[in-house]
Protein chains: 2
Amino acid sequence: MGAGLDSENIHSIEGVARRRMPPEERRKQIVAEAVRFFAEVGLEGNTRQLARRLGVTQSLLFNYFPTKHDLLEAVYEKVYLDRLSPDWPDRLTDRSVPLRQRLLAFYTEYSALIFERDWMRIFMFSGLAGAALNHRYLEHLGEVILRPVLDETEALARGGARPSMEDIWNLHGGIVYIGIRTHIYGMNGPEDPEDAIAKAIDKYLLYFGIGPGD
Amino acid sequence: MGAGLDSENIHSIEGVARRRMPPEERRKQIVAEAVRFFAEVGLEGNTRQLARRLGVTQSLLFNYFPTKHDLLEAVYEKVYLDRLSPDWPDRLTDRSVPLRQRLLAFYTEYSALIFERDWMRIFMFSGLAGAALNHRYLEHLGEVILRPVLDETEALARGGARPSMEDIWNLHGGIVYIGIRTHIYGMNGPEDPEDAIAKAIDKYLLYFGIGPGD
DNA sequence: ACCCTTGTTGATCGCATGATCTTTAAAAAG
DNA sequence: CTTTTTAAAGATCATGCGATCAACAAGGGT
């Protein structure tokens, strides 16, 4: 409105992190804040608002990222990368440990990583937007985690029920849905998530006749 | 770009549904297309594109809805309303029928309603946007469906495990996740969804020692 | 055949947004 | 202290968006 004084051009409210940072550092700072920002308002959040949060002018963002799309790519990368620990496949297939214990360990660690507002929301936003990374992540998850879980279950399953990939997705979905409920739908989660996860795993194992020590 | 000829002002490509419809009919037509449109591109889809799909000028939309927000409200209403059949609570608590059969009937019907691209995506978009309706829907679902399921399970549960609300959410989440996987993440769903649902229910019942005929 | 109601158009406004470019000044180099 | 480099600011452009409003014309009533 007024006489050429857009609020985003006024400097940061707090006296934090003024000017002339080393490029690498500034770049990281921008991406970090962008993750939080886009997780909150969606991928269509505007660059001026993001800049204001950083205490920086909007044009500076384009100094580090040629387009908004490039910034979003950096956000995806930061969010998706290293979310799947490379040693999980090995630990999930280590048959010296009971399967129940392996699953418990995995989902406890994994849920600690993904039951996080920023991750959960950006994953959903990018999924809805049809981001390729999203699809790739799930394919990867299927191959590296869920498929091994299926194999391990098959090796131990007793009785008539034979596990299929769909059973693993059901186990996985039931657990992940806890995060969706709380961070996407904004509902109250379970009082004890660990306990909820343990029960989900026990239900799964019981159905295939696998005991706690198997 | 050229000389004042915005493409959305050109009339419909197909010769369908030209002009001067009865207001009620037109309104319904707009809402119906808006559901499809916003489900596809997100709630921030623009009115010009929507109008073009309808073969109508953009300004006409504002003749039926004062603001875009009002149009979105109408979309929510159309999508959310009557999604929860009022006779489900009764049928779920009809103890002359085995619980397994009741759950199977419910989730078969319910999944037919919600495993639908438009619904699934708009629900997710509005959830991320923090829409009040979304929250209300889930509260309602909890009270009217999940709570009764908990009660019915409690009445039949044998053995040590006592069901809690979290168990019902786990059952529900595992099933709903099928729809999320397919329609939000764009993955391949189960070959036989009914079978997947049945197995999820059986896992649930087995855990609480409830047989197929109980 | 004429009029009158009103559904629909076409043009336009004000504003927000992504992006560009010149200018300023902080910090390093000499 | 002076010069040089370049991170950052400030101004601005082009476009796209929601929204408004006067003008037009389809269709029913008489």
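Start by selecting helix H7 in both chains: H7(A) passes H7(B) in a left-handed crossing, meaning that the near helix is turned anticlockwise from the far one by less than a right angle. Helices here are DSSP runs of H or I with at least four residues, numbered from the N terminus. This is a predicted model, where local features need pLDDT of at least 70 and side-chain atom pairs count only at pLDDT 80 or more, while totals for chains, interfaces and linings use all residues. Residues are numbered from 1 along each chain as its sequence is written, with chains lettered from A in the order in which they are written.

Next, show the side chains on H7. A:Arg121, A:Met124, A:Phe125 and A:Leu128 meet B:Arg121, B:Met124, B:Phe125 and B:Leu128; contact means C-beta atoms, placed from the backbone, within 7 Å. Six of these residues are nonpolar, none polar and two charged (Ala, Val, Leu, Ile, Met, Phe, Trp, Tyr, Cys and Pro are nonpolar, Asp, Glu, Lys and Arg charged, the others, Gly among them, polar).

Now select the whole interface, to which chain B and chain A each give 32 residues. On chain B, look at H7, H8 (132-156), H9 (165-184) and H10 (193-207), the elements giving two or more residues. H9(B) supplies the largest share, ten residues.

Finally, superpose the copies by least squares on C-alpha atoms of residues with pLDDT of at least 70 in both. A turn of 180° and a shift of 0.0 Å along the axis lay chain B on chain A with an RMSD of 0.1 Å, so the two copies are related as by a two-fold rotation axis. Click on B:Gly174: in chain B, its C-alpha is the nearest to the axis, 1.9 Å away.

Conventions. Contact = placed C-beta atoms within 7 Å.
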